[in-house]
Every structure is written in structure tokens, then in C-alpha cells.
Amino acid sequence: MLIRNVIQHLLNVLREKGFKTLVHFELEGVFELRANFKNLDYAGVNQQLIKLDIDGELKSEYWKNQWEFVSLFNGQSPLKEAQNLARAMQLLPAIMCQHGASKVMMEPVSWGADKGRYVHGSGAIFSLDTRSVHIPNAIQMNVSVKNKHDENLFAQEGLGEWIQYELLVNSYACCLLFLPEEDAFRRLALRNDYGLDAELSSPVILSGGHQGSIALYKEIGKHNQAMGLEPLFFASDNSVLNYVGDWRKTARVEHRIGATSKNYDPYLNMVFILINVLEGIGKWQNQNLPPIFEDKALPGSLYDQINKQDGQEKLGALSLFKNDNWLVNKIDFYCQDIPNINAIDLGAKIKEMMLSKYQRSVITLKS
């Protein structure tokens with residue numbers, strides 16, 4: 001309840017400033033199919049999601065038996081969107097098992113979940129190599145900002161760039177929020193550790209632009225495609241003859257580096273997103289464009305590590321989050337007048353709430 005009140009208060013602050021923020025989640029996972037089923041009944045799953053008032057739908061993803069839960073654009077608030085994801089994570093396994101799945105996995109890596117390797121450089125042609133492929137599963141957050149006239153402000157110069165920059169700068173120390181277990185860091189290393197660069201395109205570092213792990217999509221998307229295209233004319237065989245497009249409607253920032261995990265908290269991640277939006281808006285109103293962000297490697301583990309080559313200690317995600325007070329200070333700043341809540345040490349309370357999930361202490365692992 002406390003975190004939900006914080007989210008609502010942040011949304012009120014944004015509204016008072018004349019802004020409306022839209023945030024949408026995407027969640028990936030893997031299932032095993034029951035022996036008597038040829039396919040998962042996606043339509044049946046989605047009918048149940050509608051009945052449960054969850055603004056999202058399930059669809060098949062790229063790899064065999066990989067699924068993706070994606071937001072529907074029903075105008076839901078960020079608070080409702082966090083609730084949608086939280087309920088989907090809780091209820092989807094049982095729902096999917098009613099419609100053909102024997103097991104549903106929500107984990108950063110589905111180990112050995114598919115077979116077959118691509119010919120190097122093709123991205124589409126399979127080689128004779130039939131070793132297992134480890135599938136990474138992501139939780140993605142998409143954000144855009146509108147004004148009182150329902151215009152997407154990312155179409156203007158500066159705001160999308162500033163929010164992207166804030167997310168890039170602040171995601172390092174706060175990576176525990178969206179990389180909340182050890183396998184999340186093994187997911188980042190899959191391409192390198194298992195020779196899966198041809199098969200996987202998931203991001204591994206903090207990087208910007210329109211193809212990075214925190215990407216800004218305006219005129220062009222991740223694959224350099226034109227954004228915002230919609231079919232205009234169809235042929236008799238229902239193929240598209242012509243498109244019309246307005247990228248201004250679909251411009252957004254995508255935070256693509258999060259990992260699927262039962263430890264992932266949609267509400268805390270929503271707080272993180274909204275504070276970065278507020279920070280980006282404040283700087284955009286005073287400056288035009290942010291400085292250039294230099295690509296940065298994320299920590300290699302949840303825990304601190306000693307590099308045996310140089311003896312240097314590298315802090316893990318737990319220590320980084322524990323030692324940093326950016327999120328604490330920003331929660332206290334934006335929520336100092338939150339109604340009906342004693343806001344003294346509110347940021348510290350939320351930080352402790354996050355850290356209390358980890359029973360084992362922050363330790364140093366020798367590597």
C-alpha cells in the first residue's frame with residue numbers, strides 16, 4: 001500500500017506540472033507443453049486476462065515455447081499498469097496450465113530451452129550444430145510523456161533525450177531493481193559465455209541511442225525501421241499496398257535491460273521510472289539537450305567480487321544499491337508533502353523494504 005501511495009503521489013505531481021506519463025511493461029517467459037496439446041491456447045489465456053481486468057495479452061515469442069505478456073493500450077495509469085504486471089506474474093502460471101502448459105517458468109534464463117544454432121552471420125539459417133540454446137527472458141519498460149493536449153512530447157527535441165539520459169545515469173546504482181537475482185547477471189553474459197552472439201540480441205551494457213539497452217525511438221526504431229507506420233490501402237489478397245505513418249505518436253524510451261524474475265517488483269520499478277521522468281522534465285525545462293552518455297558495463301554479479309587478476313574489488317548490485325542514496329533522496333524530495341503519510345525517512349523505509357528481500361548478507365565472492 002505504501003508504494004502504491006507513492007506512485008499515485010508522483011503521478012499527482014506530474015499532473016500538477018501539466019504532464020501525463022504513460023508506462024507499459026513487457027514480460028517474457030518459457031513454458032513446457034502438456035503431452036496431449038499441440039499448442040498453447042493463447043486465445044483462451046487472453047480471454048481470462050480480460051475477465052480479470054488485466055490490460056495485457058499473451059502471445060508467442062521468438063523461441064520455441066517462449067511467450068510474451070504485452071500491455072494493451074487501454075489508457076491505464078502507471079499505477080494500474082504496475083498492478084497489471086504484478087497480477088499477471090502471480091496468475092499467469094495457473095492460467096497457462098489450464099490452457100495447455102504443464103509448467104511455466106518466469107526466470108532470467110531458461111537453460112537449454114531450445115536447440116539449434118545459426119550459421120554465423122546469418123541470423124536465420126540453422127547450422128548442423130544442435131547444442132542447446134539458453135534463452136534470456138526480459139522485463140521491458142516503455143515510457144512516453146504527453147501534455148494537457150494529449151500530444152506526445154517526445155516528438156519535440158530534448159525531453160525524450162533527457163529522460164533517456166536520466167535512466168542511463170541512474171540505472172547503474174539502482175540495477176538491483178530490475179536485475180534482482182544472480183541469474184539476471186548470468187543472462188547478461190550469455191552471448192559471450194556460451195557463444196550465442198548469432199542467436200541472441202539482448203542488451204548487455206548500459207547504452208543509449210536508438211539501439212541501446214535504454215533506447216529512444218523517434219523517427220526510426222531498433223532495427224532502423226520507420227516508426228509509427230499503419231496500413232492505409234490493402235490489395236484484394238489483403239496485402240498492404242501503402243502505409244501512413246506518424247512517428248510522433250509512437251516516440252518513446254524503452255528500458256530494455258531488465259530480467260524476468262520472481263523477485264522483480266513492478267511497483268518499485270514504476271517508482272524508479274516516474275522519478276526519472278520528473279528529473280528529466282526538470283532538466284529539459286532549463287536546458288536543451290543532455291550531455292553524451294558513455295556506454296557503461298553493468299556489475300557482473302549480485303554480490304561483490306574480487307578480481308584475481310588485479311585484486312580489485314568490484315561491487316555487486318546489492319552493495320551498489322545499499323551504498324547509493326540517489327533513490328532515497330529523490331523519494332524524500334518529491335514525496336515530502338504526501339498526504340496521510342509520515343514522509344520522514346520515507347525513502348530509507350522503501351530502500352530497506354527492497355534490501356530486506358535478500359536474507360543473505362552482502363558478501364565478497366572470490367573469482
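# Reading a predicted model, feature by feature

User: Arginine 186 is partly exposed, with a relative accessible area of 40%. What cut-offs give a residue the label buried, exposed or partly exposed?

Analyst: Happy to start there, and do keep in mind that this is a predicted model. A residue counts as buried under 20% relative accessible area and as exposed over 50%, with partly exposed in between. Arginine 186 has 40%, so the middle label applies. Over the whole chain, buried residues make up 50% of the 367 residues.

User: Which residue pairs with arginine 186 in a salt bridge?

Analyst: The general idea is a distance test: a side-chain nitrogen of Lys or Arg has to lie within 4 Å of a carboxyl oxygen of Asp or Glu. Here the partner is aspartate 183, and the closest N and O atoms are 3.5 Å apart. Both residues sit in helix α5 (residues 182-188), three residues apart, which means they are separated by about one helical turn. Aspartate 183 is buried at 19% relative accessible area, whereas arginine 186 is partly exposed.

User: How many salt bridges come out of that rule?

Analyst: Nine. Another of them joins arginine 252 to glutamate 254, with 2.7 Å between the closest N and O atoms. Arginine 252 is partly exposed at 23%, while glutamate 254 is buried at 6%.

User: Which salt bridge links distant parts of the chain, and where do its two residues lie?

Analyst: Look at lysine 80 and aspartate 55, whose side chains meet with an N to O distance of 2.6 Å. These two are 25 residues apart: lysine 80 belongs to helix α3 (residues 78-97), and aspartate 55 to the loop between α2 (42-51) and β2 (56-60). Lysine 80 is buried, with a relative accessible area of 19%, and aspartate 55 is buried too, at 10%. There is also a network of salt bridges, in which Asp53, Asp55 and Lys80 are linked.

User: Where is aspartate 53, and is it buried or partly exposed?

Analyst: Aspartate 53 lies in the loop between α2 and β2. Its relative accessibility is 47%, so it counts as partly exposed. When you read its backbone, check phi: aspartate 53 has a positive value of about 60° although it is not a glycine. Aspartate 150 is another non-glycine residue with a positive phi, of about 65°. Aspartate 150 is found in the loop between β7 (138-146) and α4, and at 48% relative accessibility it is partly exposed.

User: Let me turn to helix packing. What crossing angle do α2 and α3 make?

Analyst: The angle runs between the N-to-C directions of the fitted axes. For α2 and α3 it is roughly 140°, and the axes come within 9 Å. Angles over 145 degrees count as roughly antiparallel, so this pair falls short of that label and is oblique. The crossing of α2 past α3 is right-handed. On the α2 side the contact has Val45, Gln48 and Leu49, which meet Leu92, Ile95 and Met96 of α3. By class, those residues divide into five nonpolar, one polar and no charged.

User: And what are the crossing angle and the axis distance for α4 and α8?

Analyst: The axes of helix α4 (residues 159-170) and helix α8 (residues 266-284) cross at roughly 130° and come within 8 Å. That makes α4 oblique to α8, and the crossing is right-handed. The contact has nine nonpolar, three polar and three charged residues. Among them, Trp162, Ile163 and Glu166 belong to α4, while Phe272, Asn276 and Lys283 belong to α8.

User: Which residues does valine 23 touch, leaving out those up to four places away in sequence?

Analyst: The idea here is to set position in sequence beside position in space. Valine 23 is in strand β1 (residues 20-33) and is buried at 1% relative accessibility. It touches Pro78, Glu81, Asn142, Val143, Met270 and Ile273. Its C-alpha is 8.9 Å from that of glutamine 76, although the two residues are 53 apart in sequence.

User: What share of the contacts in the chain join residues at least 24 apart?

Analyst: Counting contacts between residues at least 6 apart in sequence, the share is 72%. As a backdrop for browsing, the chain has eleven helices and 16 strands.

Notes: Residues are numbered from 1 along each chain as its sequence is written. This is a predicted model: local features need pLDDT of at least 70, side-chain atom pairs count only at pLDDT 80 or more; totals for chains, interfaces and linings use all residues. Side-chain values use heavy atoms; hydrogens and water are left out. Helices (H or I, at least four residues) and strands (E, at least two) are DSSP runs, numbered from the N terminus. Buried means under 20% relative accessible area, exposed over 50%, partly exposed in between (1.4 Å probe, protein chains only). Axes are lines fitted to C-alpha atoms, for helices over the stretch in contact, and angles run from 0 to 180 degrees between N-to-C directions. Angles under 35 degrees count as roughly parallel, over 145 as roughly antiparallel, 65 to 115 as roughly perpendicular and the rest as oblique. A crossing is left-handed if the near helix is turned anticlockwise from the far one by less than a right angle, and right-handed if clockwise. Contact means heavy atoms within 4.5 Å. Ala, Val, Leu, Ile, Met, Phe, Trp, Tyr, Cys and Pro count as nonpolar, Asp, Glu, Lys and Arg as charged, and the others, Gly among them, as polar.
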